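Dear colleague,

I am handing over the structure we spoke about, with the sequence and coordinates placed directly below. After that you will find my notes on what turned up in it, starting with a question.

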Amino acid sequence: MSTGIRRRGRELALKIIYSLKDQSIPIQTVLDDFWQNFRFQEDVLGDPLEPGTDVGPMASARQREKVAAQVDGALDAGAQLLTGGNGAPGNGTGHFYSPAVVTGAPAETELLREETFGPVAPLVPVKSLDEAI
C-alpha cells in the first residue's frame with residue numbers, strides 16, 4: 001500500500017472519529033469529501049522491486065479471480081464501483097488487479113463477509129459510532 005493511501009486513510013479515520021464524537025459535522029459530509037479525494041489513479045502498477053511502483057501483482061491467477069468475483073458479486077447486488085476493479089497490464093507480466101473502491105455493498109455480500117486479500121477498499125458509511133460497532 002502506498003504511503004499516500006496510508007496517509008489518506010489516517011486522515012479519514014481522524015475526521016470520522018472527530019465527526020462521530022462532535023456530532024456537529026455530519027458523517028456523510030466527511031464521507032463525501034473522502035470519496036472525492038480517495039483515489040488510486042495516481043498509483044503505479046508494476047514490478048514491486050522497481051522504484052516508483054505502488055501496487056504489485058497478486059500472488060496467483062486464482063487469487064486475482066477470487067478478488068474479482070467478490071467485487072463483481074457486490075456490484076451485481078447493487079454496490080457501486082467508484083474506481084478501479086479491473087485487470088491492469090502492469091508491466092505485462094503478473095496477475096494485476098487495479099485497486100478498487102466499492103460502496104453500497106449489501107452486508108450479505110462476500111465482499112463484506114469474507115476477508116478480501118487484494119487491493120479493494122469497500123466503504124461502508126454509518127450514521128453513528130454505535131452503528132459502526
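In which sense do strand β2 and β3 pair, and over how many bridges? Strand β2, which covers residues 100-103, pairs with β3 in the parallel sense, and the pairing extends over 4 bridges.

Before going further, please keep in mind that this is a predicted model. The average pLDDT of the protein chain is 77, with 62% of the residues scoring at least 70. Among the elements of the chain, the lowest mean pLDDT, 55, belongs to helix α1 (residues 3-22), whereas the highest, 94, belongs to helix α4 (residues 110-113). Residues 1-5 have a pLDDT below 50, and beyond near neighbours in sequence this stretch has 6 contacts in the model.

Returning to the strands, β2 and β3 belong to an open sheet of 3 strands, in the order β1-β2-β3 and with mixed pairing. Because β1 (80-83) and β3 (120-123) each have a single partner strand, they stand at the edges, and one side of each is left without a neighbour in the sheet. From one strand to the next the twist averages 25°. Helix α3, made of residues 61-76, lies across β1, β2 and β3, and runs at about 125° to β1.

The helix and the sheet also come together in the largest nonpolar core, which has 12 residues in all, among them V67, V71, Y97, V102, L111 and V120. Both α3 and β2 supply at least two residues of this core, and α3 gives the most, with 4 residues. As a general point, nonpolar side chains in soluble globular proteins tend to be buried together.

Within that core, V102 is a useful residue to follow through the coordinates. V102 stands opposite P122 in β3, and, leaving out residues up to four places away in sequence, V102 touches V71, A79, Q80, L81, L111, V120, A121, P122 and L123.

One further residue deserves a look, namely Q70, which lies in helix α3. Is Q70 buried or exposed? Q70 has a relative accessible area of 2%, and because the cut-off for a buried residue is under 20%, Q70 counts as buried. Again leaving out residues up to four places away in sequence, Q70 touches E110, L111, E114, E115 and T116, so that L111 appears among the contacts of both Q70 and V102 by the contact criterion used here.

With best regards

Technical notes. Residues numbered from 1 in each chain as written. Predicted model: local features only at pLDDT ≥ 70, side-chain atom pairs only at ≥ 80, totals over all residues. Heavy atoms only, no water. pLDDT = per-residue confidence, 0-100. Contact = heavy atoms within 4.5 Å. Pairing = 2+ DSSP bridges. Axes fitted to C-alpha atoms, helices over the stretch in contact; angles between N-to-C directions. Core = buried A, V, L, I, M, F, W, Y, C linked by side-chain atoms within 4.5 Å. Buried < 20%, exposed > 50% of the residue type's maximum accessible area, 1.4 Å probe, protein only.
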